[in-house]
Amino acid sequence: MSTVFVEIGRQPRGERLVDLLLECHERLRQHLQLAVALGTRDDVPASEVVETCLRCERYFKQALPLHIQDEEQSILPRLQGRDALVDYALEVMEREHSEHAPLIALQKALRGLRGAPGDAARRDDLLAAAEPVARGFADHLRKEEEIIFPAIETLLSRDTQALIVGELRARRA
């Protein structure tokens, strides 16, 4: 187990849809924090830098796209048209999901540091890529948690929410 960076593990809150979505958000925040930490710390052993870069790369390549699919394919169509404020938040969410350039730069910087774990310039590149993504996602996630997640609880029936949970699980099977 890592001595500097904690292992990111799944600690399920429950089976409720919003709880599962909040878990996804927490994992995203944790991976962004790891990327920023990698960009600021020069005391991390090279093997740990490589391991953590790989973990972050895997997350941004595999898990984050699944979460985006969850929101755009399972939640957006079921909430759309029910409330004007929610519709606007869904529109913003979808637009922000399509803005891939910062994530691509972050993934490139992670690969760069992984290839040269002791290189200060690569750490600086990672920090320069990670900080704006972390700031952007902080706002993005906050808006979802303040507007869209409560709308899920009030506008979608428990049966619909359970159906969406099944869809989320199927994407990961």
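Here are a few worked exercises on this structure, which is a predicted model.

**Exercise 1. Helix 3**

Work out what span helix 3 (residues 84-97) should have, and compare that with its end C-alpha atoms.

*Solution.* Start with the rise: 1.5 Å a residue, over the 14 residues of helix 3, gives an expected 20 Å. Next, look at the end C-alpha atoms, which sit 20 Å apart, so the two values agree.

**Exercise 2. The faces of helix 3**

Find which residues of helix 3 are buried, and say what covers them.

*Solution.* First, pick out the buried ones: Val86, Ala89, Leu90, Val92, Met93 and His97. Looking down the axis of helix 3, these buried residues fall within an arc of 165°, so they line one face of the helix. The general pattern helps here: an α-helix has 3.6 residues a turn, so residues three or four places apart point the same way.

Now flip to the face turned away from the buried side, where you'll find exposed Ala84 and Tyr88. As for the cover over the buried residues, it includes helix 2 (46-79) and helix 5 (120-155).

Finally, check the N-terminal end of helix 3. Asp83 caps it, with a side-chain oxygen 3.0 Å from the backbone nitrogen of Leu85.

**Exercise 3. Leu64 and its surroundings**

Decide whether Leu64 is buried or exposed, then list what it touches beyond four places away in sequence.

*Solution.* Leu64 belongs to helix 2. Its relative accessible area is 2%; buried means under 20%, so Leu64 is buried. Leaving out residues up to four places away, Leu64 touches Leu28, Tyr59, Leu103 and Phe137.

One of those contacts, Tyr59, leads to an aromatic pair. The count for the model comes to 1 such pair: Tyr59 and Phe60, edge-to-face, 5.4 Å centre to centre with 80° between the planes. Both rings belong to buried residues, with Tyr59 at 7% relative accessibility and Phe60 at 4%.

**Exercise 4. The largest nonpolar core**

Identify which residues of the largest nonpolar core touch the most other members, and which helix gives the most to it.

*Solution.* The core has 24 residues, and those touching the most other members are Leu28, Phe60, Leu64, Leu106, Leu110, Leu126 and Phe137. Two or more residues come from each of helix 1 (17-40), helix 2, helix 4 (101-115) and helix 5. Helix 2 gives the most, with 7 residues. Another core lies apart from this one; its 19 residues include Val18, Leu76, Ile148 and Ala151.

To close, zoom in on Leu110. Not counting residues up to four places away in sequence, Leu110 touches Leu38, Cys53, Cys56, Glu57, Phe60 and Leu126.

Notes: Residues numbered from 1 in each chain as written. Predicted model: local features only at pLDDT ≥ 70, side-chain atom pairs only at ≥ 80, totals over all residues. Heavy atoms only, no water. Helix = DSSP H or I, 4+ residues; strand = E, 2+ residues; numbered from the N terminus. Expected span 1.5 Å × (residues − 1). Buried < 20%, exposed > 50% of the residue type's maximum accessible area, 1.4 Å probe, protein only. Arc of directions from axis to C-beta. Contact = heavy atoms within 4.5 Å. Polar contact = N/O pair within 3.5 Å; in protein donor to acceptor, adjacent residues only side chain to side chain. Phe/Tyr/Trp six-rings, centres within 6.5 Å; stacked < 30°, edge-to-face > 60°. Core = buried A, V, L, I, M, F, W, Y, C linked by side-chain atoms within 4.5 Å.
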